[in-house]
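Let's take a friendly tour of a protein model, one topic at a time. Keep the structure open beside you as you read.

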Amino acid sequence: MSARKIAYKVLMDIEINKNYSNISLNSHLDKEKIDDRDRGLVTELVYGVIENKRYIDYMINKLSKIKVRKMQHSVKTILRMGVYQIVFLDRVADYAAINESVNMMKKIDKKSSSFVNAILRNVSRQKEEIFKIKEDTSDNIAIKYSYEKWIVDRLIEEHGKEKTKKIIKALDEKPKLYIRINKSKAYRHESYEDMLEFIISNLSADQIVAKKVDGFDEALEVENFKNIEKNIMFRKGYISIQDISSMLVAKVLNPKEGSKVLDVCAAPGGKSTHIAEIMNNTGEVVSQDIYDHKIKLIDGYAKRLGLKNIRSEKSDATVLNEDYVEKFDYVLSDVPCSGIGIVRRKPEIKYKSEEDVNNLPDIQMNILKNASSYVKSGGTLIYSTCTIFKEENIDVIKNFLEENKNFTLESIQNIDINKETLDEGYINIYPYENNMDGFFICKMKKI
Ligand SMILES: C[S@@+](CC[C@H](N)C(=O)[O-])C[C@H]1O[C@@H](n2cnc3c(N)ncnc32)[C@H](O)[C@@H]1O
């Protein structure tokens, strides 16, 4: 199957079945035997269309009497792909984008092909004019960067217009790719440094460039990393893919070897496995999630890394588990959130409705309260999100501390990043800071 046809199928799957882009893309790519160049084009088309969907629809609506929301899924998907190639992809000639789109439309629904042809020819002719949009109002910012307007409004309300533009521009950039080194495998080598050299030289044999990252001794920034799942270092459990913001969570938790840790929202297991690696395969990490199929992801993750100190179990974090009260040295609540800090990796987050996120602070508070019950006296409670909305972050913490006087914020000591609020026990990371994912991490102690 051609790259464009695969991209079309993935986009239709996301549009109709509301599947996640990364999951749908990977499952379609796994089924097709295509070379790296075509894989690149499929990925570019899928993410390019999702990332720019509102802006593309705005351009189509300027030229079409039938508005996008009234079009059949197949027609609007082919138009979106065509416009993306014409307006955003320099390496594809306009005539090629138009011909490919019209031919694809002919095979799916012949009578719509002349409509697609007419719109795309107009887009090609008038792209300079229809592309222009001033970044003055929240409406226009929302169209230009393809967000639901309420997200831009809320960001402006919390951060002001200039900081919002900075955040949104940073979220529009290509994310950096980081890998986490599995420290628990260092015993197989003379030293950790020795293992690091072993990993870097293995990666470079595959033309993957790896650089050390200041302040993160377990992280490497990598370039040109394709087919990660097939990489030998990945398969042998030496490395995992994780952003450094996400790595910060386990670093802030900073568990001692032999501890008992509970992670109440653990799937797919990125932070649980990092914690288990830091504990060097000692103690116990209990990794919970509400979904059966996600528990399997945690198990697979831990198995690949050779971690024996993780036990997964299905559990609903909004319901108190009496058996676990005051049983853990550390409890992590990495709660479900709006995800605005990771739009670069999951662009469909830009189209979440306000109703989808408005009840999150109540759920987050409920999970945090239950999580706090499981902490032993003198133990540590961590709350984290991958969003930058205050009401899911510091506001939840303020309410929690107001109602739970047996917890205090604890100064974060062991982190080598420049953040003013470390002493106050929490960190806000904005996406314009060193291209990191937007995150919130808070450390509390049970008195
Ligand atoms: C932010 S993600 C966790 C990411 C994970 N900590 C990691 O680093 O890989 C939030 C997780 O919470 C889970 N979740 C949502 N509601 C839950 C609930 N009521 N109880 C337990 N888990 C829940 C979701 O399935 C999702 O896997």
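## Where domain 1 meets domain 2

In this predicted model, domain 1 and domain 2 bury about 530 Å² between them, and carbon and sulfur atoms give 55% of that area. Which three residues supply the most of what domain 1 buries against domain 2? They are Arg54, Tyr55 and Tyr58, which together supply 87% of that area, more than any other three residues. If the idea of buried area is new to you, the size of an interface is often given as the accessible area lost when the parts come together.

Now place these two domains in the whole protein. Domain 1 covers 3–126 and domain 2 covers 138–171, followed by domain 3 (177–241) and domain 4 (244–446). The centres of domain 1 and domain 2, taken over C-alpha atoms, are 26 Å apart. Six residues from domain 1 and eight residues from domain 2 take part in the contact.

## Salt bridges

Side chains of opposite charge can pair when their charged atoms come close. How many salt bridges cross the interface of domain 1 and domain 2? The rule finds zero there, although the structure holds 28 salt bridges.

One of these 28 pairs arginine 154 with glutamate 354. Their closest N and O atoms are 3.4 Å apart. Arginine 154 sits in helix α9 (residues 149–171) and glutamate 354 in helix α15 (residues 354–358), so this pair ties together parts that are 200 residues apart in sequence.

## The second largest pocket

Rolling a probe the size of a water molecule over the atoms shows where empty space is left. Here, the second largest pocket has a volume of about 390 Å³. It is lined by 13 residues, and the closest to its centre are Ile14, Glu15, Lys18, Lys53 and Glu348.

Which helix gives the most to this lining? That is α1, with three residues. The helices α1 (3–17), α3 (36–51) and α5 (73–88) each supply at least two residues of the lining. Sorted by class, the lining has six nonpolar, two polar and five charged residues.

## Two backbone details to look for

Most residues other than glycine have a negative phi, and most peptide bonds are trans. With that in mind, look at lysine 18, which has a positive phi of about 55 degrees although it is not a glycine. Lysine 18 lies in the loop between α1 and α2 (21–31), and it is also among the residues closest to the centre of the second largest pocket.

Next, find alanine 267 and proline 268, which are joined by a cis peptide bond with an omega of about 5 degrees. Proline 268 is in the loop between β5 (260–263) and α13 (270–278).

Terms used: Residues numbered from 1 in each chain as written. Predicted model: local features only at pLDDT ≥ 70, side-chain atom pairs only at ≥ 80, totals over all residues. Heavy atoms only, no water. 1 Å grid on protein atoms, 1.4 Å probe; cavity = no way out; pocket = protein on both sides within 12 Å on 5 of 7 lines; lining within 4 Å. Points joined across faces, edges and corners; volume = space filled by probe spheres on them. Helix = DSSP H or I, 4+ residues; strand = E, 2+ residues; numbered from the N terminus. Nonpolar A, V, L, I, M, F, W, Y, C, P; charged D, E, K, R; others polar. Domains from an automatic or database assignment. Contact = heavy atoms within 4.5 Å. Buried area = accessible area lost by both parts, 1.4 Å probe. Salt bridge = Lys/Arg side-chain N within 4 Å of Asp/Glu carboxyl O.
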